[in-house]
Amino acid sequence: MTFLVLLIINLGCGPPIELVKMMAIFAIVILANVNAFSVTAANRLNIMFTICKMVTILVIVIAGLVRIGQGYTENLKDPFHGTTNKPLRIAIAFYSGLWAYSGWGSLTTVTEELKNPKRNLWLSIVVAVPIVIILYVLTNISYFTVMTKSVLLSSNAVAMTWGDAVLGSVVRVLPILISLSALGSANGLTYTSARYCMVSARYGYLPKIFSYIQKQRLTPLSGIIFQTILSIIYCIPSDIEGLINYFSFVSWLFCGLTFVATLCCKFTKRDIHRYIKVPIPLVILMILISIYLVLAPIISYPNIGFLIASIILLISLIVYYVFVFRNIKPKFMNNLNIFIETFLNLTKSEINIET
């Protein structure tokens, strides 16, 4: 999808939004099939996408450092000119920034598939997050060696605008690398989001069929199909910025509740064995950050979208009370679970975390 958009923009015309959505759905379906086919294939594909992403970022970073050495620093002299310093108004900016760094929360979903997670999970986060921060900051600095703030904000494809000024004819390669990078992000989300369904179903929050895996492929097929359907629905709205804001609002509300639950369990379930122990001061800090990220946008940017998101959350609480807390099961669900289990050739998965 990204390749098509950037290619058409590079040719001087804008892509029809319908075509963009169709290509997005096509990419989602392809990635879903890869993840449903093989865990190994999905991992190897993600490695390839990550290499493409790193190559793209390193090209931009190195070229930017060279331009700084050549004296192209006019746009870096007053980088915060025209921005706000009001704490409540920068929360929306945090939403977009944290969306870009959201990989930090995805790794925990594949704990069962990690070797020695007690060591490797912590090590992966501690090593990966600082590297990503450094590379992303240097990438944005590189952009400002070419573009002013107004030009950057008005550009339909920032990397292409930067590439036209710096790379010349070589810029034709950039859309391919960027598109592969975007596909890598989508593949990673497809891989991890299906695991959310699987774990939720194990604890009874979703129909038990989502806790099953495909017998031959050993992939969470039902969860992948469910997430694919949701992803296609999310392609319908055209306001991607609004979608990110509303998603981030709900996401950080649940993150805050998760941190509160973690803090409560520290005192109410002291004797339970924990594979990974989180310091209490860090949990409290994350609770405060979550409160800020949930309340600040509502106060500074009142929007009907936040109200709709809140209503959906309230409806979900009713659904939880009826079907999970009261354990009221519709009669057709058992037959539906049996049908899906037979049709997709599924089997119940087992929890297996190496220590």
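L307 is found in helix α12. In this predicted model, L307 has a relative accessibility of 46% and therefore counts as partly exposed, since the partly exposed class lies between the 20% and 50% limits. L307 also belongs to a nonpolar surface patch of about 810 Å². The other residues that make this patch are I304, I308, I311, I312, I315, V319, F323 and I328.

**The nonpolar core**

Helix α12, which spans residues 304-325, also gives two or more residues to the largest nonpolar core. That core has 14 residues. Those with the most contacts inside the core are Y95, F249, V250, W252, F259 and F306. Besides α12, the elements that give two or more residues are α4 (91-100), α10 (240-268) and α11 (280-300). Which element gives the most to this core? It is α11, with five residues.

**Cysteines**

How many disulfides does a search of the whole structure find? The search finds zero. C235 is in no disulfide, and the nearest cysteine sulfur, that of C197, is 17 Å away. A disulfide would need the two sulfur atoms within 2.5 Å. C235 has a relative accessibility of 17% and so counts as buried. C52 counts as buried too, because its relative accessibility is 13%.

**T139 in helix α5**

T139 lies in helix α5, which covers residues 117-144. Is T139 buried or exposed? Its relative accessibility is 9%, so T139 counts as buried. A polar atom of the T139 side chain lies 2.7 Å from the backbone oxygen of L135. For a polar contact, the cut-off is 3.5 Å.

**L218 in a loop**

Where does L218 lie? L218 is in the loop between β1 (212-214) and α9 (221-234). L218 is exposed because its relative accessible area is 52%, and the exposed class begins over 50%. L218 and M147 are 71 residues apart in sequence. In space, the C-alpha atoms of L218 and M147 are 48 Å apart.

**Accessibility values**

The table lists the relative accessibility of the residues discussed above.

| Residue | Relative accessibility | Class |
|---|---|---|
| T139 | 9% | buried |
| C52 | 13% | buried |
| C235 | 17% | buried |
| L307 | 46% | partly exposed |
| L218 | 52% | exposed |

Technical notes. Residues numbered from 1 in each chain as written. Predicted model: local features only at pLDDT ≥ 70, side-chain atom pairs only at ≥ 80, totals over all residues. Heavy atoms only, no water. Core = buried A, V, L, I, M, F, W, Y, C linked by side-chain atoms within 4.5 Å. Buried < 20%, exposed > 50% of the residue type's maximum accessible area, 1.4 Å probe, protein only. Helix = DSSP H or I, 4+ residues; strand = E, 2+ residues; numbered from the N terminus. Patch = residues over 30% accessible without salt bridge, like charges linked within 9 Å, V, L, I, M, F, W, Y side chains within 5 Å. Areas by Shrake-Rupley, 256 points an atom, 1.4 Å probe, with all protein chains shown as cover. Salt bridge = Lys/Arg side-chain N within 4 Å of Asp/Glu carboxyl O. Polar contact = N/O pair within 3.5 Å; in protein donor to acceptor, adjacent residues only side chain to side chain.
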